[in-house]
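Hi everyone, thanks for coming. Let's walk through one protein together, starting with a helix and then stepping back to the whole chain. Please have a look at the screen.

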Amino acid sequence: MTIHTADAVSAADAPKRAAGTSASPSPARRRGRHRVQGQWWVPWAFLAPALLLFLVFRYIPMVQAVGMSVENVRPYLGNEFVGLANYETILSSPAFRDATVNTLILAFGQTLGCLVLGFALALLLEGQTRKLSFIRSAAFLPVVVPMAVVAELWRIMYHPSPDGFLNSIIGVLGLAPSEYINSPDSAMWSIMVMGIWRGGPYDMMIILAGLAGIDRGLYEAATVDGANRWQRIIHVTLPGLRPVFSILFILAAIRGFRVFTEVYLMTNGGPNGATEVVMTLLYKLGLEQQKLGVGSAGAVLLFLATLVLTVVVQLMLRRRKNA
């Protein structure tokens with residue numbers, strides 16, 4: 001009888017002991033928790049090498065470029081402050097205006113082409129089967145290949161001779177050979193096609209992630225209402241992907257404004273300036289003609305244009321979301 005009474009008392013006191021234990025952790029546990037919370041510097045220690053590289057190779061040069069944009073840069077002789085003279089020089093330059101127009105054309109064409117190609121690939125490759133995963137990985141390969149390799153590959157494919165790679169293909173179709181990047185009429189379009197081929201799979205992966213977030217019940221409801229495939233795409237898929245398209249538009253526009261490697265390696269701005277973009281022009285001004293102040297002023301203007309575009313798109317999206 002005594003044993004049963006003790007067991008009952010122990011059973012009655014068990015919840016209290018459990019509550020007391022959870023309410024007041026042991027001193028060892030408190031010390032461990034304080035030690036983990038006190039190591040705030042551990043993430044910063046891992047980030048320090050990357051932050052140091054960004055500081056040395058990006059942020060410090062950006063600040064120096066802003067300073068040089070208002071100076072007449074004279075190596076070993078000392079810089080002279082000239083105010084806004086460099087901005088006036090670059091804005092009044094016909095070469096800068098032509099390069100700006102070429103940059104806008106190339107950025108707009110590549111942005112639109114990448115969105116269309118990425119959306120089409122995403123619709124074709126949407127699914128969870130193993131074969132589709134392999135095809136998606138294969139389609140994404142152009143994105144991970146260095147731009148220098150891609151530009152050299154397409155430069156070889158664009159060989160203007162009749163026995164060139166692409167000319168041999170269109171010759172089978174009965175078309176005349178094209179000069180591609182060697183002609184002022186087709187050089188810009190040739191670079192644009194190469195950029196779409198490389199950037200489309202990148203947009204495809206982001207659009208695939210956006211398609212996974214669309215409610216499947218909307219497709220079922222549209223099917224019950226009698227909507228066909230194209231109507232479901234127009235009235236369900238496209239509205240559901242609107243935030244994704246906005247992000248891709250900003251990224252593609254920034255990428256288009258900063259285009260340099262493919263143009264420099266394939267045409268170097270030629271022929272006759274037909275593919276001269278802002279970045280290649282600034283490179284020539286700063287490093288070939290030694291006009292570092294004027295080149296820095298152009299770089300600051302390009303940064304401001306990119307910043308304004310990003311802010312405007314964000315404000316438009318926020319206003320539409322609030323409406």
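Let's begin with helix α16, residues 292–322. Helices here are DSSP runs of H or I with at least four residues, strands are runs of E with at least two, and both are numbered from the N terminus. How far apart should the ends of α16 be? The expected span is 1.5 Å times one less than the number of residues, so for the 31 residues of α16 we expect 45 Å. The end C-alpha atoms are indeed 45 Å apart, which agrees.

A quick word on where this comes from: this is a predicted model, in which local features need pLDDT of at least 70 and side-chain atom pairs count only at pLDDT 80 or more, while totals for chains, interfaces and linings use all residues. Residues are numbered from 1 along each chain as its sequence is written, and side-chain values use heavy atoms, with hydrogens and water left out.

Now, which residues of α16 are buried? Buried means under 20% relative accessible area, exposed means over 50%, and partly exposed is in between, using a 1.4 Å probe and protein chains only. In α16 the buried ones include G293, V294, G295, S296, A297 and G298, and further along V300, L302, T306 and V313. They pack against α3 (41–68), β1 (71–72), α4 (85–91), α13 (242–257) and α15 (278–288), where contact means heavy atoms within 4.5 Å.

Let's take α13 from that list. Its axis and that of α16 come within 10 Å and cross at roughly 170°. Axes are lines fitted to C-alpha atoms, for helices over the stretch in contact, and angles run from 0 to 180 degrees between N-to-C directions. Under 35 degrees counts as roughly parallel, over 145 as roughly antiparallel, 65 to 115 as roughly perpendicular, and the rest as oblique. So α13 and α16 are roughly antiparallel. On the α13 side, the contact is made by R242, S246, F249, I250, A253, I254 and F257; among the α16 residues taking part are L302, T306 and V313.

Next comes α15. Its buried residues are V278, T280, L281, L282, K284, L285 and G286, and they pack against α4, α5 (94–124), α14 (261–266) and α16. Is T280 buried or exposed? T280 counts as buried, because its relative accessibility is 1%. Not counting residues up to four places away in sequence, T280 touches F260, V263 and Y264. K284 also counts as buried, at 15% relative accessibility. Leaving aside neighbours within four places, K284 is in contact with N268, G269, E276 and Q289. Just after α15, Q290 takes a positive phi of about 60°.

Over in α5 we find A120, which is partly exposed at 35%. A120 and M204 are 84 residues apart in sequence, yet 8.0 Å apart in space, C-alpha to C-alpha.

Finally, the whole protein. It has 16 helices and two strands, and buried residues make up 34% of its 323 residues. Of the contacts with a separation of 6 or more, 65% are between residues 24 or more positions apart. W154, Y158, Y180 and W197 form one aromatic cluster. Thanks for listening!

Terms used. Phe/Tyr/Trp six-rings, centres within 6.5 Å; stacked < 30°, edge-to-face > 60°.
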